[in-house]
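Please open the structure in your viewer and keep the selection panel at hand. This tour goes from one stop to the next, saying what to select and what is there.

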Amino acid sequence: MATHGNENENSLQSICYKRGSLQLLDQRKLPLETVYLEIRNSADGWSAIKEMVVRGAPAIAIAAALSLAVELFNLDAFNGTSVDAASFIDKKLEYLVSSRPTAVNLSDAATKLREIISKAAVASSEPNSVFQAYIEAAEIMLEDDVASNKAIGSYGANFLQHQLQNSKKFSVLTHCNTGSLATAGYGTALGVIRALHTKGVLERAYCTETRPFNQGSRLTAFELVHDKIPATLIADSAAAALMKDGRVSAVIVGADRVAANGDTANKIGTYSLALCAKHHNIAFYVAAPLTSIDLSLSSGEEIIIEERSAKELLHARGGLGEQVAASGISVWNPAFDVTPANLIAGIITEKGVITKTGAADIFDIKNFVQKATGKSNT
């Protein structure tokens, strides 16, 4: 039986799971309240993801998988064959994937789980065997996510220390939330920052407020204070001035989807940071697990960008507070933007750092993934 919760980690947890039970930290209420919501089935999971109770590409995938695992574990009875059971799960996964279309981790997890239940349906005529195979696979995904995040942190910290060897200590700017609250634990870009702090080479972490939903001010700042990491919160619009003042050694962000050429979709405002970093000759890095890489997309032009409710801009606290904008104004509120690969210095993964090669100075991500996994990940 897998368990995962605050008792197992020093850092915060967005996901608390033991077989048959799932609780998700309601991140909409942070940092003022710490409230966990009980997730009983895939419908609860879908709503929690759609309504931003849980967010961050890795956490979304794990929460979706586990919400269905809880539903299957607590199912009273199922009338049908193992093939029927596999079809039942498949439809539930398709429904869960519709909750947040931009984050590739969610669809990637669904694809892997479908393969497992398909094999289980062939191996046994008992529907319970299929359900059991699914539950175990979802639990393994939870455990693997924490391990991969810690590997990302280690690779990233070592790589940055080597790249910035002229500096005894350095400061890192990050955007949105990529820590324990955005993953099963530890974090991706924030995991690198945690690892740098542990190694004693981090002078300061800077986090943007990340308008309009304020994941930086509400969540990243919360995690940094919790872990006693020296940190400073800035307005999104202050990033260029901070870089001009020479206070930023590197920028590290997460990713919701990375195309085969390295173009990266991440929280809106990431592209602006990359342009600022380029102008100030500051290295810009993406930290993400291999599950965030989508080799089926040749470039960022093919990435679907989710648009969020106008309420997030019209009301304070990302739509959670009182109205602050004039009634009748039209709103454009994309949740993500795409940073072109030519602005990215490296992609930090759990298998190492993908850097640019050859005279053309481009990423060969497909080759890296094939070597790292032994398969094509298409």
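What follows is a walk through cavities, aromatic pairs and charges over rings in a predicted model.

**Cavities**

Begin inside the protein, where the structure holds three cavities of 30 Å³ or more. The largest cavity has a volume of about 200 Å³, and to find it you can select Arg55, Gly56, Ala57, Asn177 and Asp256, which are the closest to its centre of the 24 residues that line it. Next, colour helix H2 (57–73) and strand E10 (264–267), the elements that give two or more residues to this lining; H2 provides the largest share, three residues. If you colour the lining of the largest cavity by class, you will find 11 nonpolar, nine polar and four charged residues.

Then move to the second largest cavity, which has a volume of about 70 Å³. Its lining can be found by selecting residues including Met52, Arg211, Phe213, Lys267, Glu312 and Asn333, and by class this lining has six nonpolar, two polar and four charged residues.

**Aromatic pairs**

The structure holds five aromatic pairs, and two of them are stops on this tour. Select Phe88 and Phe131 for the first stop: their ring centres are 6.4 Å apart and their planes stand at 65°, so this pair is edge-to-face. The two rings come from distant parts of the chain, with Phe88 in helix H3 (residues 82–97) and Phe131 in helix H5 (residues 127–163), 43 residues apart. Phe88 is partly exposed at 24% relative accessibility, whereas Phe131 is buried at 4%. Add Phe78 to the selection, and you will have a cluster in which ring pairs link Phe78, Phe88 and Phe131.

For the next stop, select Phe159 and Tyr285, whose ring centres are 5.8 Å apart and whose planes are at 85°, so that this pair is edge-to-face. Phe159 belongs to helix H5 and Tyr285 to strand E11 (residues 283–287), so the pair ties together parts that are 126 residues apart in sequence. Are these two residues buried or exposed? Phe159 is buried, with a relative accessible area of 17%, and Tyr285 is buried, at 5% relative accessibility.

**Charges over rings**

Finish with two places where a charged residue lies over a ring. Select Arg218 together with Phe213, and you will find the arginine over the face of the phenylalanine, at 4.9 Å from the ring centre. Then select Lys267 and Phe336, where the lysine lies over the face of the phenylalanine, at 4.6 Å from the ring centre. Phe213 and Lys267 also belong to the lining of the second largest cavity, which you can display again here.

Definitions and conventions. Residues are numbered from 1 along each chain as its sequence is written. This is a predicted model: local features need pLDDT of at least 70, side-chain atom pairs count only at pLDDT 80 or more; totals for chains, interfaces and linings use all residues. Side-chain values use heavy atoms; hydrogens and water are left out. On a 1 Å grid over the protein atoms alone, a cavity is a set of points where a 1.4 Å probe fits but cannot get out, and a pocket is an open set with protein on both sides within 12 Å along at least five of seven lines; lining residues have an atom within 4 Å of a point. Grid points are joined across faces, edges and corners, and a volume is the space filled by probe spheres set on the points. Helices (H or I, at least four residues) and strands (E, at least two) are DSSP runs, numbered from the N terminus. Ala, Val, Leu, Ile, Met, Phe, Trp, Tyr, Cys and Pro count as nonpolar, Asp, Glu, Lys and Arg as charged, and the others, Gly among them, as polar. Rings of Phe, Tyr and Trp (its six-membered ring) pair if their centres lie within 6.5 Å; planes under 30 degrees apart count as stacked, over 60 as edge-to-face and the rest as tilted. Buried means under 20% relative accessible area, exposed over 50%, partly exposed in between (1.4 Å probe, protein chains only). A charge sits over a ring if NZ of Lys or CZ of Arg is within 6 Å of the ring centre and within 35 degrees of the ring normal.
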